[in-house]
Each structure stands twice: as structure tokens, then as C-alpha cells.
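Colleague: I have a structure to look over before I go back to the bench. Can you take me through it?

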Amino acid sequence: MPIEVQSEGAGAPRHGIVLLCGLVLFLFLLFVLRFWYLQILHGEEYTDISHANRTRTERVYAPRGLILDLKGRLLAENRPAYCLALIREDCPDISATLAQVGRWTDTPLPLLTAKYEQDIRQVQPFQPQLLVTDLSFDQVMAIEEELHNWPGISIFIRQRRWYPEGPLFAHILGYVGEAGKEDLEKDENLALGDVVGKSGLEETKEKFLRGVKGINQVEVEAHGRQIDKFQERPSQAGSDLTLSLDIDLQRAASEALGEESGCVVVMEPDTGKLRALVTQPSYDNNLFTAKLSQKDWDSLIKDPRHPLQNRGIQSVYPPGSVWKLVMAGLLLEQKISPAAGVTCSGSVTLGTHVFRCHSTHGWVNMLQSLVASCDVYYYEMSQKVGIDNITRFATACGFGQRTGIDLPNESRGLVPSRAEKKRRFNEPWQRGDTLNTSIGQGFTLVTPIQMAVYVGALLNGGKIMKPGLIETEPPEVRGELPLTASQRDFLVEAMRATAESGTARRIARPDAVMGGKTGTAQNVRIGERRLKKHEMAYEHRDHAWLTSWGKKDGKTYVVVVMVEHGGGGSSTAGPVTVKVYEALFGPPVKPPAQPAAQAGTEARP
């Protein structure tokens, strides 16, 4: 008898078809759901990611603004430099690539690796990460030959800062360098690899000089090779800067200083514009725009003459006898008659201490005290006015505070006071401190630029001007001397008399009206006898000052010369000052000789 299995066998295919249809439907719904998730819910996001994989944003660096001298000659320019960068996303072996870069550029691998790891968080994987700057042409040629074997490595050209005059303007211009962590945190417009000012005008005028970066969009294929490029935003070059300084005068002042350590300030009193600002010794700021070697850095910071120091605005010195111009101004303000005098016997005794003068002058009044630079006159007069008046008046004249010059790290100097001595040494003020202060010694410290501003104010109607380095910027008045016109005129006339027949007569010229005040500032305490310059160690020698002004052909200049450890103000600073005025006014011209007959006729009664 046949067995019936048809009903059971027919049910199995039907269940299988239903299961298969259900599976297909599930997969279809899954694909639809995934499609909705990718194309609708996150469609815009993934479109952006896809676009980012296909295109990359490339920064176009803006040329830095040029810096020019008064006559339009270049002081800072831009030159092309080759750089090497790594795009991590395109690099299959970072370690091997860094090792190869080290071999190409002769850079120690630990240094290269440290730089890579330091910068990695600041740069996206698809953006170029700068590894080496300023490649030589030979290095570029060697790298180009092997570049196809090292994906992710690229060479591009950037602008490198160049200073044609090098050390001559180094302290004024400063230098640029790659932006560090602090720079990036302070300025959101900066990115890793950007170059910023690190010193001098490059630092203080950074935003003016920098310019605005442009943007290019680069289309690439799957392996990262460039297919096309189009510009999204062009770069904008930084603004140019025209200085008030003159290359020729700057060079003449530098040559006048020679091998001496010191500075020269040349300023127009009416506007405050600086025509020269020289500091020596100096350094080559081009060293900092490339990769500064450890050897070069060590030679700079270990040099006992401190070439990185801007002596015109950062170094402070006891002013010595040039301070008598300030003291005489105070005496006039306090209504002490210029005719009042004292008898100089060569010294003043206070308690057990003897305060000496460099000579025995006999009876001297205010004018004679300046012309002959008598210390005893100021020892005696300072006891009448007291330290509190000295502190007040000197501060009102601009000492003990910054002049506002557009350079970083300017020093304030120090105007002595009771409170300052108590704060620093926890000691009360003594009468002897007042005597020392009266002749620019003791605790008194000034910068050469402060002295130039003070003398300029005596000449320009009492205006305390900001020292100007930018020719296109208007003059800025920051204060006014607490002196009347007649009091200022007395001090100017005293300086003229000092240049004519006093301690500054070395600078006198027959073809110009000159005024000056010398100063010899003690660097260490002396004993019973004043030692000669050659008898003292260099670091113990006095500082030499000569503060002056000159007028010729309607032009007036203030010239301040300070020579570190130079000895006498007249003997050392004097010849430097003479050469600077020769650069300003030309060699001295003697007036034409009068005919003998005419002279004889005029001589008859």
C-alpha cells in the first residue's frame, strides 16, 4: 500500500519561501534605514567629510611688510626660502620618514622627533606640518630626487626675513621667529608655522607688518596627489614701515664709537624723531631668521660685553655730572638765584666722610658750576632743597619712567627716594645719600634716551616728547617740564657756555651754535686718590657721558653719547660727539678771513 507524504513535503517549501522573503524584506529595510541614516540624518555631515577627503585647505602666507629708512632704503625685506613639511595622513611610516628627513637635512633625529611630537596636536592630519625651514638649494635637489619614494613629504617656498644692514640696526629692528605656544594662545589668527616678531620693531609693530594669509582649495585623488587648485581668498601683504632713522648717520655714529661699548642717540627736539640710535657691540639679527646654531647662541649670551643689550633704552647708568642740568633746573624752580654761589675748596666734609670735587674752583655761582662742572656747588645746594624735592622734580622731568619709545623692554631707570631705599635695603635715608644724588651718583640711574628727551625739552619749549622711530607717525607730547621759559633758556645758555669755554669745549664749531655737558660717572667707589684710567681694570673704569645740542642752517639736533667704562666724558665721549656732528653738519667751516685793510679801518676809533 502506497505511503502518503505529499502534504508534509508541500509545507516545507512554503515555509522556506516565507522565511526567504522575510529575510529579503529585513535586509531591504536595513539598507533603507542605513541609507536614511547616511543620506538624510547625517547626509550633510558626511558630504562635508567626503569633500574634505577630496579637497584640502592650503594657507597662502602673506609677505611681511618691508621696513625702510628715512630715504626709502631697505632695512628689512623678504627673500624666498625652501621649507620641508609632512602630511601625516599621506605618510605610511612616520618613523622611517623622520629618519630620512634627518639624513637629508643633517638634523639629529631626536630633535626632529621632538619637534614633530610637539607640533602634532596643533596640525590636522591632512595639513602640512612644518619640519625644516630654510633648506639649502643642494638639499632641495637631493630631496627632489628621492621625493617620489616618500609619500607625505612636500617642499614649498616661503618668505624668509632678511636684514641687509645686519648688526647696524639689529637692536632697533629685532628679528622674527616661528610662533610658539604663547604666541598661538595670545592671537587666534596665528597658526603653527607662522612667523612673528620676537624683538624690536618686528615685535612691537607685529600686526602692522604681518599681513593677512590667503586660502587655496586643493583637489586631490585617493593617493593624495594634487588634481586641481583654486583660490578662495588671496593673501594681503603687510604694511611697509618707514623709519625716521638714516642709514648714513647710523653708520657714521657706529664708526665714531669704534670698538667701544656704548651708545649714541641723535634726536630732533621739536618732533622727538630719532635720526640715529646706535648700540655697540651689536649682533647679526639674520642669525635668528634661520636655524640659530647652539654655538652662535652660546657666543652671544656668554659674551661679557652683552651684545644683545640695547644700551640706549635698556641699560641704566649713573649719569654723573650731566645730572647737574637736572639739579640746576630744580634750584631755579625753587627760586634759588643763579647769582648765589659757594666757595669750592675741593671737598665737603659730612661727619667723617669727605665728598670730593675733581678740582678746587674757588667761588662759583650756578653758571660757573655748570661750565666748570663743580661738585661742591651741588653738594651745598642739595642740602638746601633736600631729597624729597629732588625726587619730585626729577620724576616730573621724565626720569624714573619709560619714555614710550616703540621698542620692547625699555628700562625705567631709578630716581632715588627715601621710600625706595627703605624698600630695597630697609635703611633710612642719610644726608650723604643726598650729596651723592646731587652729582648723579649713588642710587641715581638713567638711560641715554631719557637724557636726550630731557635736553630736547629744554630746547623745544618744555615739551617732553616721545622718542619717535616711525617717520609717518605724528609727534607725541607726553608731558611738560616744570620750568619757565627763562629758566629753560638759562640752562640752554649754560650748555652753550660749557661748549664754548668749559668742559665740553671739544665740540665747539665756528660754523654752528653748540651746547654741551660732560659727565664722568663713577662705576665703583674710589679711595683717597682718583686713579688714572690706565690704572684701573676695564670693568672698574668710569662711564663717559656727553650730552649736547647743535644748531646750524635752521636745523637743531640733540646728541647724547655714553661710552661704558670710557673714562672721562670730554676725552672719550667728546671725539665721538664731534664725529657725529660732522656727519650732521659736515666738517667745520671757518668763517672767511677779514681783509687786513678793512680790519684796520674798523679797529680805529
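Modeller: What follows is a set of questions and answers on this predicted model.

Colleague: How many helices and strands does the chain have?
Modeller: The chain has 605 residues, and 47% of them count as buried. Its elements comprise 21 helices and 21 strands.

Colleague: What share of the contacts between residues at least 6 apart joins residues at least 24 apart?
Modeller: Take the contacts in the chain between residues at least 6 apart in sequence. The share of them that joins residues at least 24 apart is 71%.

Colleague: Now the surface. How much of the exposed area do carbon and sulfur atoms supply?
Modeller: The chain exposes about 30600 Å². Of that area, carbon and sulfur atoms supply 54%.

Colleague: Which residues make the nonpolar surface patch of about 720 Å²?
Modeller: One of them is L23, found in helix α1, residues 6-41. A patch residue needs over 30% relative accessible area. L23 is partly exposed, at 47%. The full set is L20, L23, V24, F26, L27, L30 and F31.

Colleague: Which residues are buried in helix α4?
Modeller: Helix α4 covers residues 109-119. Seen down its axis, the buried residues fall within an arc of 80°, so they line one face of the helix. They are L112, Y116 and D119.

Colleague: Why can residues three or four places apart in a helix point the same way?
Modeller: The spacing explains it. They point the same way because an α-helix has a fixed number of residues a turn: 3.6.

Colleague: Which exposed residues sit on the face of α4 turned away from its buried side?
Modeller: First, the buried side. Its cover includes β3 (74-86), α3 (94-105), β4 (129-135) and β6 (176-178). The face turned away carries the exposed residues P110, L111, E117 and Q118.

Colleague: Is D375 buried or exposed, and at what relative accessible area?
Modeller: D375 lies in helix α15, residues 375-396. It touches S321, K324, R356, C357, H358 and I439, leaving out residues up to four places away in sequence. The cut-off for buried is under 20% relative accessible area. D375 is buried, with a value of 6%.

Colleague: With which side chain does the side chain of D375 make a polar contact?
Modeller: The partner is in helix α13, residues 324-333. It is buried, at 0% relative accessible area. The polar contact spans 2.6 Å, and the partner is K324.

Colleague: Which residues is K324 in contact with, leaving aside neighbours within four places?
Modeller: D375 is one of them. The list also holds residues on either side of D375 in number, including C374 and Y378. In full, the contacts are L370, S373, C374, D375, Y378, S438, I439 and K517.

Colleague: On to salt bridges. How many does the structure hold?
Modeller: Side chains of opposite charge can pair when their charged atoms come close. One example joins D69 and R73, at 2.9 Å from N to O. D69 counts as buried at 0% relative accessibility, while R73 counts as partly exposed at 28%. The total is 32.

Colleague: What separates E206 and R210 along their helix?
Modeller: Their closest N and O atoms are 2.8 Å apart, in a salt bridge. Both residues are buried. They are 4 residues apart in helix α9, residues 206-210, so the separation is about one helical turn.

Colleague: Which residues are linked with E206 and R210 in a network of salt bridges?
Modeller: The E206 and R210 pair is itself a salt bridge. The network also links R64, R161, D187 and E202.

Colleague: How many residues apart in sequence are the parts tied together by R311 and E564?
Modeller: R311 forms a salt bridge with E564, with closest N and O atoms 2.8 Å apart. R311 lies in the loop between α12 and α13, and E564 in the loop between β21 and α20, so the pair ties together parts whose separation in residues is 253.

Colleague: What distance separates the C-alpha atoms of V212 and A237?
Modeller: V212 lies in the loop between α9 and β8. It is partly exposed, at 39% relative accessible area. Its contacts beyond four places in sequence are A62, R233, S235 and Q236. V212 and A237 are 25 residues apart along the chain, and their C-alpha atoms are separated by 6.6 Å.

Terms used. Residues are numbered from 1 along each chain as its sequence is written. This is a predicted model: local features need pLDDT of at least 70, side-chain atom pairs count only at pLDDT 80 or more; totals for chains, interfaces and linings use all residues. Side-chain values use heavy atoms; hydrogens and water are left out. Patches are made of residues with over 30% relative accessible area and no salt bridge: like charges are joined within 9 Å, nonpolar side chains (Val, Leu, Ile, Met, Phe, Trp, Tyr) within 5 Å. Accessible areas come from the Shrake-Rupley method with a 1.4 Å probe; for residues, only the protein chains shown count as cover. A salt bridge is a side-chain nitrogen of Lys or Arg within 4 Å of a carboxyl oxygen of Asp or Glu. Helices (H or I, at least four residues) and strands (E, at least two) are DSSP runs, numbered from the N terminus. Buried means under 20% relative accessible area, exposed over 50%, partly exposed in between (1.4 Å probe, protein chains only). A polar contact is a pair of N or O atoms within 3.5 Å; within protein, one must be able to donate a hydrogen and the other to accept it, and residues adjacent in sequence count only if both atoms are side-chain atoms. Contact means heavy atoms within 4.5 Å. The arc is that of the directions from the helix axis to the C-beta atoms.
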